[in-house]
Amino acid sequence: PPPPPPPPPPRPWSSAASDVYKRQTLGLDSQYGVEVAIRDRGEVAGHSIELIAEDGQCSAEGGQTAATKISSDNSIVGVVGHNCSSSCTPAAPIYNDAGFTMISPSCTAPALTGEGSHVDSFLRTAHNDNTQGRVMAEFVYNELGLTKAATIHDGSPYAEQLQQVFADTFVELGGEITAQEAINVGDTDMRPVLTSIATGGPEIIYYPIFIAEGGFISTQAQEISGLEDVVRAGADGMISPDFVAAAGEAAEGMYMSGPSLEFSGDRYEQFLAAYADISGQDPLSAFHAHAYDAANMIFDAVEAVAQTDADGNTLIGRQALRDALYSTSGFDGITGNLSCNELGDCADPQIAVNQIQGGEYVPIYATGKLLGEVMAEEGEEAMEAPVELPDLDGRSVTVAIENAYPVSYTHLTLP
């Protein structure tokens, strides 16, 4: 028989696809993070890098469609994404069947890396919401001193699972969950749900949902008898300038849990400069650095497993690539020191609680400690020799610390 035709000439690696969800800031923020990684890297295994962006629509249907399209293109090496757990959940089995591997920068639902529910194609540089829900509950109970809470979710894996972790932890700490209500994506009149919640007399409502519905809840809660002074809180799905615009004055003073963006060193500053150069703006959301790290993990894995055949073609085994990614240990990322476990969790999870102050997301609490306590500890560690403190003769001193990071983060995903 005639010899088989030679493989096609190598194309640039199509190493990532982005979930530019209808709330565009969420997907674009991650996409820009990948673009910075591509610019920094230049080439991988002697080839230039091509970015192919698809829209996962932050929905099960969109995730399935995007994953089916991507997995049908054999020139694509790896996937950075998706952004939303609703999209990641159906996408993972499709990629798995095709031998593809995905690294999500922002799909945080616990079930995605849970025993018995994890799919081998899925890894993430984002935190696991088992961590975020616990940290938020500890902040509310221990730092705010509140003991009665209600939650609202929108039926998505992200929101439903995150509020459940919060509720379970809050009860374990000694608090009471007065209601766990659900809305639908697209709802605009939240008054019936809020009226029902008000009968339980919660001190705080935690609704880790998305921008549009979160904006309606925030504004309408102020109209409901018994909820005029209730503390309102959300999560990384609403960390965006779009939410501040949607909620208006009702956003002021709200608490938002999400990944800490208090990264140290010049590296993040250089990243921000490149991000601004590419996008023409400051970060749109909260997971741009996680997308940057995910892309670089793929690039490193490609470099580790790429082979050249007798004809000079570059070959990348899909299983070899996946094995290399799962073997990631001590990866020096912007988001921390990343090591992947057997269920695909790779993050160095650092959770922050922010408060919206003057329209800005100001971090006030970081993974178990008020920001002031963290700064005090860092100051103690940096102190090389005892310092003689002045005698204040009973007077107090107030120290003002300027917030050096003008945040406008977000929640993301890439298919």
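This passage describes the secondary structure, the helix and strand packing, and selected residue environments of a predicted model.

The protein comprises 415 residues, of which 54% are buried, and its secondary structure consists of 12 helices and 18 strands. Among the contacts in the protein with a separation of 6 or more, 72% are accounted for by residues 24 or more positions apart.

An open sheet is formed by three strands in the order S4-S5-S6, with parallel pairing. Strand S4 (79-80) and strand S6 (122-124) stand at the edges and have a single partner strand each, so one side of each is left without a neighbour in the sheet. Strand S5 (residues 102-104) is joined to S6 by three bridges, the two strands running parallel, and within this pairing Ile 103 stands opposite Leu 123 of S6. Helix H3 (residues 85-98) lies across S4, S5 and S6, and runs at about 160° to S5. The loop between S4 and H3 contains His 82, and the peptide bond that leads from Gly 81 to His 82 is cis, with omega near 0°.

The loop between S5 and S6 contains Ser 121, which has 0% relative accessibility and therefore counts as buried. When neighbours within four places in sequence are left aside, the contacts of Ser 121 are Ala 92, Tyr 95, Asn 96, Phe 100, Thr 101, Met 102 and Arg 322.

A second strand pairing, antiparallel in sense, links strand S16 (residues 351-357) to S17 over six bridges. One of the bridge partnerships places Gln 355 with Val 362 in S17. The hairpin of S16 and S17 has two residues between the strands, and in this hairpin Gly 358 takes a positive phi near 60°. Five of the seven residues of strand S17 (residues 360-366) are buried, so S17 is largely enclosed by the rest of the structure.

Two helix pairs were examined for their crossing geometry. In the pair formed by helix H4 (residues 129-143) and helix H5 (residues 157-173), the axes come within 8 Å and cross at roughly 45°, which makes H4 oblique to H5. The crossing of H4 and H5 is right-handed. On the H4 side, the contact is made by Asp 129, Asn 130, Gln 132, Gly 133, Arg 134, Met 136, Ala 137, Glu 138, Val 140 and Tyr 141, whereas on the H5 side it is made by Tyr 158, Leu 162, Val 165, Phe 166, Thr 169, Phe 170 and Leu 173. Classified by residue type, the contact of H4 with H5 has 10 nonpolar, four polar and three charged residues.

In the other pair, the axes of helix H9 (residues 266-279) and helix H10 (residues 288-305) come within 12 Å and cross at roughly 100°, and H9 and H10 are therefore roughly perpendicular to each other. Helix H9 contributes Arg 267, Tyr 268, Phe 271 and Tyr 275 to the contact, while H10 contributes His 288, Ala 289 and Tyr 292. The residues of the contact of H9 with H10 comprise five nonpolar, one polar and one charged.

Phe 331 lies in strand S14 (residues 331-333) and, at 12% relative accessibility, counts as buried. Residues up to four places away in sequence not being counted, Phe 331 touches Asp 293, Asn 296, Met 297, Asp 300, Gly 336, Asn 337 and Leu 338. Of these, Asn 296 is separated from Phe 331 by 35 residues in sequence and by 9.5 Å in space, C-alpha to C-alpha.

Positive phi values are also found in residues other than glycine. Ala 45 has a phi near 50°, a positive value in a residue other than glycine; Ala 45 lies in the loop between strand S2 (43-44) and strand S3 (47-50) and is partly exposed, with a relative accessible area of 22%. Gln 57, likewise not a glycine, has a positive phi of about 60°. This residue, Gln 57, is found in the loop between S3 and helix H2 (60-71), where its relative accessible area of 43% makes Gln 57 partly exposed.

Notes: Residues numbered from 1 in each chain as written. Predicted model: local features only at pLDDT ≥ 70, side-chain atom pairs only at ≥ 80, totals over all residues. Heavy atoms only, no water. Axes fitted to C-alpha atoms, helices over the stretch in contact; angles between N-to-C directions. Helix = DSSP H or I, 4+ residues; strand = E, 2+ residues; numbered from the N terminus. Parallel < 35°, antiparallel > 145°, perpendicular 65-115°, else oblique. Left-handed = near helix turned anticlockwise from the far one by under 90°. Contact = heavy atoms within 4.5 Å. Nonpolar A, V, L, I, M, F, W, Y, C, P; charged D, E, K, R; others polar. Pairing = 2+ DSSP bridges. Buried < 20%, exposed > 50% of the residue type's maximum accessible area, 1.4 Å probe, protein only.
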